[in-house]
Amino acid sequence: MTKRLTGISLAAVLIVGAVRAALAASDYTPVTDERLANPEPQNWLMTRGSYKGWSYSPLDQINSGNVKGLVPVWAVSTGVDSGHEAPPIVNNGVMFVATPYSQVMALNAATGDLLWRYRRKLPEGFSALHNTSRGVALYGDKVYLPGLDAVLVALDARTGNVAWEAKVEDWKQGYYMTMAPLIVKGKVLVGVSGGEFGVRGFIEAFDAETGKSVWKTYTIPAPGEPGSETWQKPDTWKTGGGAAWMTGNYDPDANIVYWGVGNGSPWFGDQRPGDNLYTSSTLALDGDTGKIKGHFQYHQNESWDWDAMNAPMLVDFAKDGGTVKGLLSPQRSGYLYWLQRDNDGGISYINAERYVPQNVFKEIDKNGRPVVDMDHKPGTGRVAQFCPGLWGGKDWPYEAYSPKTGMVYIPANENHCNKFEGKVEERVPGQWWTGVAIPDFHFSVDTKAGFYGEIKTYDVNTGKPGWRQLYSKSMMWGSLLTTGGNLVFGGGTNDREFRAYDASTGEELWHFRTNSGIQAPPSTFEVNGVQYVAVASGYGVDPAFQQQLLGDLLGWQKDVPQGGVVWVFAVGK
Amino acid sequence: MAQCSRPCLRGVGRRGVLATGLVVAPALLRPAFADDPAALPPQPGDRFAHLTGPRKGQVVADGDLPLGGPQVQAYPIDIKSGLVRDQSRLNLVILARFDPATLSAETRARAADGVVAYSGVCTHQGCAVNMWVTSKSALYCSCHGSTYDPRDGAAVIAGPAPRSLPSLALATADEAPFVTGGFSGHVGPTQQ
């Protein structure tokens, strides 16, 4: 039953020029482990909707039959520019939206009333490659925001007041944080960004109540630890990258956390000989201790900036006449992986399909290890072209899975490449240290291609491709949402559109032109018996940079207006 | 160690050793505060200490700067005490050298023998402007591609930066540039 918000206290308190209307204690429902493991359909309690990471809601009031009547019911400006990449998180009528620059807005999800706002003051001289936020996490009566400056902030969900702060790392070394935390049994799990700055990635768990560190697991083993033999050159592990910059998924039954790991640092594998575990891998971690229980490395000695940052979705699928507990992951490398997970954290390879053209892997062997075409592997002083380019077959935007259709929906890009070579560079903490300067990326596209961005779909049981949506004049940078109403929602194109597709056929059923380009994941929720769909529109960071390049290459309009707005839609009466 | 025929710092660390061999007291290795001389913005008379490269920590001389670019990263240094003002990221400076005839009149007026100095902190999001676009002979930000013309007051010629990089007025002595005034404008971005 949806809790009503009619009792919201709007006792406004003027704080630093901002109006704050604290929620009355009775108007906020604490978030529990049980609720996170079994989220109510009317809520969107975490970034991807559930621990399985499906980006799916069973709500079906808005469906393929009535979505044409979807209209905006309220909107709010975030007041900031740059790439908005956080979904509206909703807990019984209270919405929390994180924005770039480490800010959080709390809103009445039905009316749009602003309840409170948190603006983090970033340190003098601070900078981050990606100044975005990919969302907050909820637990108990708190809201958890990973600050860009590598400080985890716990806010009182009712007031926005800071409950505690915990330093995660030293931002001056190049560490920063953009992902949404993952809550696991009273702990707040975060991972760090900074792969382009030569950090050593890690995932750390903090006590949700006190902010004290509970465990910390590096993505790159120190000498003597399992996997350290894959770092053959002394000391390269210290600056080896492996950022953990996206949120993990979780199997509560097995108490296993699945977390994605980025590429190696610097980018050129010949500067760090060996397979370089656990770069470009999925890690399986014990939820209590952070101990690495298993892993799967998608490709070795990474040299293409193809992070494996997205944790795989926990999807069970057909195999050999039965059903296996699986992991499904469309990787930045352009391959879609079917993996099997066991209760001890083991991950085994089943199959992989190329979902966009790719010229690097000649084949993938029976253990899931690709055979690399060295002509397409850039190295130090060795130029190579590779396709897809460094932004990959897909970048971080979330794929979605619908248990109703049995299909996975992938926001993908193709017909683009990069061509470059590496240099040995001196590292300055906090500065770009990849071995190649951005002006030397030599990004290219097939100028005769009929499309660049797309949604690509597969039947997870048969592996057969399904419908496609092709975008002839845009890349695709939008996370997708599937619903019980047989719909797929997503933005991601440079024309500022937010769209709904029939999940079975791919037919575009509805669209709405927003203020800016949409990179953020949509979410859906219900308040007082009314289903809403919400999304933040606000273009920036990599899509905006890439759009500049495409303006030169294809004549596309370079200026996609920036500035964030949260849109909330419902079916008109 | 080779003898210095021009102003230099021998074996200098981040916080300074003088050419005379005077070691700056370790007590200086403390957290930066607003009144910390190592966090103060460039002061008149300051020279520049290389941030990277074979002359890391040594004073930047005109001859260290390749004619026509690219830029060199540095922090201001108080030549008398050997103190490097590297305790604020906002003090990062980029230096480059050009034929004075190729500089705009305003830029030439602030340059010294063709050497120009700008804040190395991008006015967009505060990242280091430490890359170089050979085809445009321009300064390039390492985060989001803002591109600045070093011959024309670091005016923005591409990318998202809202304004030019602040410059430092320079003079030269002993074939090395030094600061004659403060930054020409606000350094770095303005947080939203």
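Visitor: What makes β5(B) and strand β10 of chain B count as a pair?

Guide: In this predicted model, 2 bridges join β5(B) to strand β10 (residues 167-168) of chain B, and the two run antiparallel. Pairing asks for at least two bridges between the strands, so the 2 bridges found here satisfy the rule. In one of the pairings, B:Y118 has B:S167 in β10(B) as its bridge partner.

Visitor: Which strand is joined to β5(B) by 5 bridges?

Guide: That is strand β4 (residues 93-97) of chain B, which runs antiparallel to β5(B). Here B:A96 stands opposite B:V116.

Visitor: Why is strand β5 of chain B called largely enclosed?

Guide: The strand covers residues 115-119, and 5 of its 5 residues are buried, so the rest of the structure largely encloses it. For chain B as a whole, 53% of the 192 residues count as buried.

Visitor: How many helices and strands does chain B have, and in what pattern?

Guide: Chain B has 1 helix and 12 strands. Along the sequence the pattern reads β-β-β-β-α-β-β-β-β-β-β-β-β. Among contacts in chain B with a separation of 6 or more, 55% are between residues 24 or more positions apart.

Visitor: What makes β17 and β20 of chain A the edges of their sheet?

Guide: The sheet is open and has 4 strands in the order β17-β18-β19-β20 (chain A), with antiparallel pairing. β17 (249-251) and β20 (292-297) each have a single partner strand, so one side of each has no neighbour in the sheet. On average, neighbouring strands of this sheet are turned by 20° against each other, direction ignored.

Visitor: How do you know that β19(A) and β20(A) pair?

Guide: They are linked antiparallel over 5 bridges, and at least two are needed for a pair. One of these bridges sets A:L283 against A:H295 in β20(A).

Visitor: What is unusual about A:S280, and is it buried or exposed?

Guide: Most residues other than glycine have a negative phi. A:S280 is not a glycine, yet its phi is positive, about 45°. The residue sits in the loop between β18 and β19 of chain A. Its relative accessible area is 0%; buried means under 20%, so A:S280 is buried.

Visitor: Why is A:R496 called partly exposed?

Guide: Its relative accessibility is 24%, and the partly exposed class lies between the 20% and 50% limits, so A:R496 falls in that class. A:R496 also has a positive phi, about 75°, although it is not a glycine. Its place is the loop between β37 (487-490) and β38 (497-502) of chain A.

Visitor: Which peptide bonds are cis, and what are their omega values?

Guide: Most peptide bonds are trans. The bond from A:S265 to A:P266 is cis, with omega near -15°. A:P266 is in the loop between β18 (256-260) and β19 (281-286) of chain A. Another cis bond joins B:G69 and B:P70, with omega about 5°. B:P70 is in the loop between β1 (47-50) and β2 (72-78) of chain B.

Visitor: What makes B:K56 and A:E426 a salt bridge?

Guide: The N to O distance between their side chains is 3.4 Å. The limit is 4 Å, so the pair qualifies as a salt bridge. The count between chain A and chain B is 1 salt bridge, and 10 residue pairs across the interface are in polar contact.

Visitor: How much area do chain A and chain B bury between them?

Guide: About 2100 Å², with 50% of it on carbon and sulfur atoms. A:E426, A:Q431 and A:P439 supply 23% of the area that chain A buries against chain B, more than any other three residues. The contact takes 28 residues from chain A and 26 residues from chain B.

Visitor: How do you know that A:S402 is buried?

Guide: Its relative accessibility is 1%, and under 20% means buried, so A:S402 meets the rule. A:S402 belongs to strand β30 (residues 400-402) of chain A. Leaving aside neighbours within four places in sequence, A:S402 is in contact with A:Y56, A:M407, A:Y409 and A:T482.

Visitor: What makes the approach of A:S402 to A:T405 a polar contact?

Guide: A polar atom of the A:S402 side chain lies 3.3 Å from the backbone nitrogen of A:T405. The limit is 3.5 Å, so the distance is within the cut-off.

Notes. Residues numbered from 1 in each chain as written. Chains lettered and ligands numbered in written order. Predicted model: local features only at pLDDT ≥ 70, side-chain atom pairs only at ≥ 80, totals over all residues. Heavy atoms only, no water. Buried < 20%, exposed > 50% of the residue type's maximum accessible area, 1.4 Å probe, protein only. Axes fitted to C-alpha atoms, helices over the stretch in contact; angles between N-to-C directions. Contact = heavy atoms within 4.5 Å. Buried area = accessible area lost by both parts, 1.4 Å probe. Polar contact = N/O pair within 3.5 Å; in protein donor to acceptor, adjacent residues only side chain to side chain.
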